[in-house]
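Please open the model in your viewer and keep the selection tool at hand. The tour proceeds from one charged pair to the next, with a view of the whole chain between them.

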Amino acid sequence: MLKRIFLLLLAVCTISLVTLTTSCFGHFYPNEPSDPFIKLFTKAIDGNVEIHMDDWTDVHGDIFSFLVPPEFTVKFDMGDSLECADIGFQGIIVGKILVGESNESQSISFVIEDLVNLYLENFGDYEILESFRGYVHGNSMNIRALDFSGQLCWMVLISESRNLDSFGQGEFLVFIGLVERNQTEQWADWYTGMLITLLELR
């Protein structure tokens, strides 16, 4: 079971994030990742993996949609500048996808800390297990594997910025997902499938 209930607040419109986008071109991967999600997701972007989604469901919000396995539920909420999708598993919110647009530009480190403070502060201190950055469809992409005292969390930030150290300006996509530590391969498969269908990479 997950360590705690993932408390995701709906006050998303106040997030001072910079941009992440769902439209991009090309990619750049300096090192081979070891984290199962980072490895699978980056390979999926290259088209080098196949995820079976025959029984997955297409879920739609106002501005984006994606496929989810039958084990999950999704609730969309629309704000002033972005739309949020809460991803539920066995009655617990385990993930969030934010898609929108920002007029600001901030450092990646600041945005990650802001996301942790907004959505993950109940889990306490964390360490970064692995980082990855590159480009997807020409947009900057930063991925983090975070460890909150045993609770694993994956985070993806995609923005229209060409600077890998900056988030924004423009359209953005943020993904935050908690993981069952003893089933990382399965959760990597699920989350990767959701994201590549959202990014229309499938």
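Does Asp165 count as buried, partly exposed or exposed? Select Asp165 in this predicted model: with a relative accessibility of 46%, Asp165 counts as partly exposed.

Next, add Arg133 to the selection. Its side chain meets that of Asp165 in a salt bridge, at 2.5 Å from N to O. This pair links distant parts of the chain, 32 residues apart: Arg133 lies in strand S7 (residues 127-136), and Asp165 lies in the loop between strand S9 (151-159) and strand S10 (166-167). Arg133 is likewise partly exposed, its relative accessible area being 36%.

Now display the whole chain as a cartoon. The protein has three helices and eleven strands, which follow the order α-β-β-β-β-β-β-α-β-β-β-β-β-α along the sequence. Of its 202 residues, 56% count as buried. Among contacts with a separation of 6 or more, 63% involve residues 24 or more positions apart.

Return to the charged pairs, of which the structure holds four as salt bridges. Select Asp147 and Arg181, whose closest N and O atoms are 3.5 Å apart. Asp147 belongs to strand S8 (residues 139-148), whereas Arg181 sits in the loop between strand S11 (170-179) and helix H3 (184-198), 34 residues apart. Asp147 is buried, because its relative accessible area of 12% falls under the 20% limit; Arg181, at 40%, is partly exposed.

Finally, select Lys75 and Asp77, which form a salt bridge of 2.9 Å, N to O. Lys75 is partly exposed at 45% relative accessibility, and Asp77 is partly exposed at 21%.

Note on methods. Residues numbered from 1 in each chain as written. Predicted model: local features only at pLDDT ≥ 70, side-chain atom pairs only at ≥ 80, totals over all residues. Heavy atoms only, no water. Helix = DSSP H or I, 4+ residues; strand = E, 2+ residues; numbered from the N terminus. Buried < 20%, exposed > 50% of the residue type's maximum accessible area, 1.4 Å probe, protein only. Contact = heavy atoms within 4.5 Å.
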